[in-house]
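The following exercises concern a single protein chain. Please examine the sequence and the model before reading each worked solution.

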Amino acid sequence: MNKEDDMKEVELNEMDQEKQSMTGETPTGTEKSGCVKVKVTEDTEFKFTGLSKEELMKVAGTAGWVRTRWVLLVLFWLGWIGMLAGAIIIIVQAPRCKPIPEMNWWNEGFLYQISDVNTFSENGLKGVEEKLDYLNQMKVKGLVLGPIHTVQADQLSTMELTSINPEFGSESQLISLLDRAHRKGISVVLDLTPNYEGVSVWFNNAASVAERLKEACVYWLNKGVDGIFLSHLNDIAYTEAWPSVQDIFNQTDGTKKRALMGSVTGLSADDVSHLLNRSSVDLLLTGLPDPAEPGVRQAQVIQLLYSDHLQMSLGWCLSGRILGSPAVPVRLYQMLLFTLPGTPVFSAGDEVGLKAGVSREKPEAMWDLESQAGDDNATAKEERTAVRDFFKALSDLKGKERSLLHGEYVSLYSSSTSLAFLRLWDQSERFLVALNWGNDSVTMTLTNSDLPAEARVCASTDTENLAVDSKVSVEKLELGPKQAVLLSYAFPG
């Protein structure tokens, strides 16, 4: 055996010794000193067999187990009854939600009045249809359109209430407008004021046109219009023919309610209240409150109309006032109309602050806001865009907040040039409106059990001092001249 074989044998012996030391055995099978050899059987698993059926039956019948089962059963039913009683107590003690008042489509947003369709758009009725996307973005709930019927000023014999003046378009274009507006969720009301270009809108004899008016109402309602609007309503509402006009709108076939609307100008709050009772129209549009009147008087007017009538029949407008002038800051009165209890009605162009009156600016300015042309008017465009954004924000709030849609009205403060009131509904978010159209700052001391110490700014005409989403003190609210603010706070309960 050579040297390499000797070396391998030595290595194998050493390995055997290591194995022996690990197993604790010597080559002869004897135990090494200090080591114990333990043999463990392979089947060490313990199996639990449990009790047999017979054994369980014996145990189940013992007195101890019977008592245990009864105790557990009693505890279960006591726990169940306790939870049921707790749920009943919570339901009984929880504040009840007030039922939502009955509302119609004209109570769910604002109405947009297009008196002259050719001024609003160069293409008449077709142009109005082309602008429906714009109106939808503004959250318009309904259009008050026209008058567009055929009549020569002060010539009763030329009046055709069921015929559209070709200058504005055709009946087929109106039907197309109705169809597309309805698909966008916008209702259309047709203004049928008879002598709209004459001296007397009712030809000084409303009863003489009543029969033809009734025929026209039936005709256009059958064509799909959602309502009829009549200006100077007081001239016809006191005639013997008026109840038969009302009967046309009292008929229902289970579909969407058709509205009878009207407007008045120059009447006192008491006269407006009496007319509402007399006419029973679905919506009466009034120019009240008047900014020429002190704030104290305005508060009285609002309170009178709100207290005596359902706010669902109250409509508010700017009544031809000069928007954008120092006397009527546009955003201030946008906020007032959107927050009063009732339906705000705006004329085309009010949303961007176009001036009303004899020299009213044309609505072309609305369509130019998004264009880059006319850099010379960049400042004016920026201002009108800001006014429109403010208008849209208020429109969004009006459409989704219950307190603003149909909430209670609570007068808080009034002076010669300022006004503040609350709008609140049940457990919904509350809103505080404060306006100062005077030339000096005003500090309003506001007290009401519902008011918190601070409230959040939702909208403001003075973002420098009353930034949106900031918190302001409510007890003594400071407003600069020609400024308004809309605050909100959570239900205090």
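**Exercise 1: Backbone outliers**

Task: Classify D154 as buried, partly exposed or exposed, and describe its backbone.

Solution. D154 has a relative accessible area of 39% and therefore counts as partly exposed; buried means under 20%, exposed over 50%, and partly exposed in between (1.4 Å probe, protein chains only). D154 lies in the loop between β3 and β4 (155–164). Strands (E, at least two residues) and helices (H or I, at least four) are DSSP runs, numbered from the N terminus. Although D154 is not a glycine, its phi is positive, at about 65°.

K139 also has a positive phi of about 65° without being a glycine. The loop between α6 (132–137) and β2 contains K139, and K139 is partly exposed, at 44% relative accessible area. A further backbone feature is the cis peptide bond from G146 to P147, with omega near 15°. P147 is found in the loop between β2 (140–145) and β3 (149–152).

The model is predicted: local features need pLDDT of at least 70, side-chain atom pairs count only at pLDDT 80 or more, and totals for chains, interfaces and linings use all residues. Residues are numbered from 1 along each chain as its sequence is written, and side-chain values use heavy atoms, with hydrogens and water left out.

**Exercise 2: An open sheet and its helices**

Task: In what order do the 6 strands of the open sheet follow one another, and which are the edge strands?

Solution. The order is β11-β12-β13-β18-β15-β16, with antiparallel pairing. Two strands pair if DSSP finds at least two bridges between them. The edge strands, each pairing on one side only, are β11 (408–414) and β16 (471–473). Neighbouring strands of this sheet are turned by 30° against each other on average, direction ignored.

Next, consider one pair. Strands β11 and β12 (residues 418–424) run antiparallel and are joined by 6 bridges; S414 stands opposite L419 in β12.

Finally, place the helices. Helix α12 (residues 295–308) lies across β11 and β12 and runs at about 165° to β11. Helix α15 (residues 378–400) packs on the sheet, touching β15 (454–460) and β18 (483–489), and its direction makes about 125° with that of β15. Axes are lines fitted to C-alpha atoms, for helices over the stretch in contact, and angles run from 0 to 180 degrees between N-to-C directions.

**Exercise 3: Helix α13**

Task: Is T339 buried or exposed, and with which residues is T339 in contact?

Solution. T339 is located in helix α13 (residues 330–339). T339 counts as buried because its relative accessibility is 1%. Leaving aside neighbours within four places in sequence, T339 is in contact (heavy atoms within 4.5 Å) with L404, F421, R423, V433 and L486.

V330 lies in helix α13 as well, and V330 is buried, with a relative accessible area of 10%. The C-alpha atoms of V330 and K355 are 9.3 Å apart, although 25 residues separate V330 and K355 along the chain.

**Exercise 4: The chain and an annotation**

Task: How many helices and strands does the protein chain have, and what is the conformation over residues 70–92?

Solution. The protein chain has 16 helices and 18 strands. Of its 493 residues, 44% count as buried. Over residues 70–92 the chain is 100% helix and 0% strand, with the end C-alpha atoms 33 Å apart. An unreviewed UniProt entry annotates residues 70–92 as "transmembrane region"; such annotations may be inferred rather than shown by experiment, positions are given in the numbering used here, and feature names are shortened.
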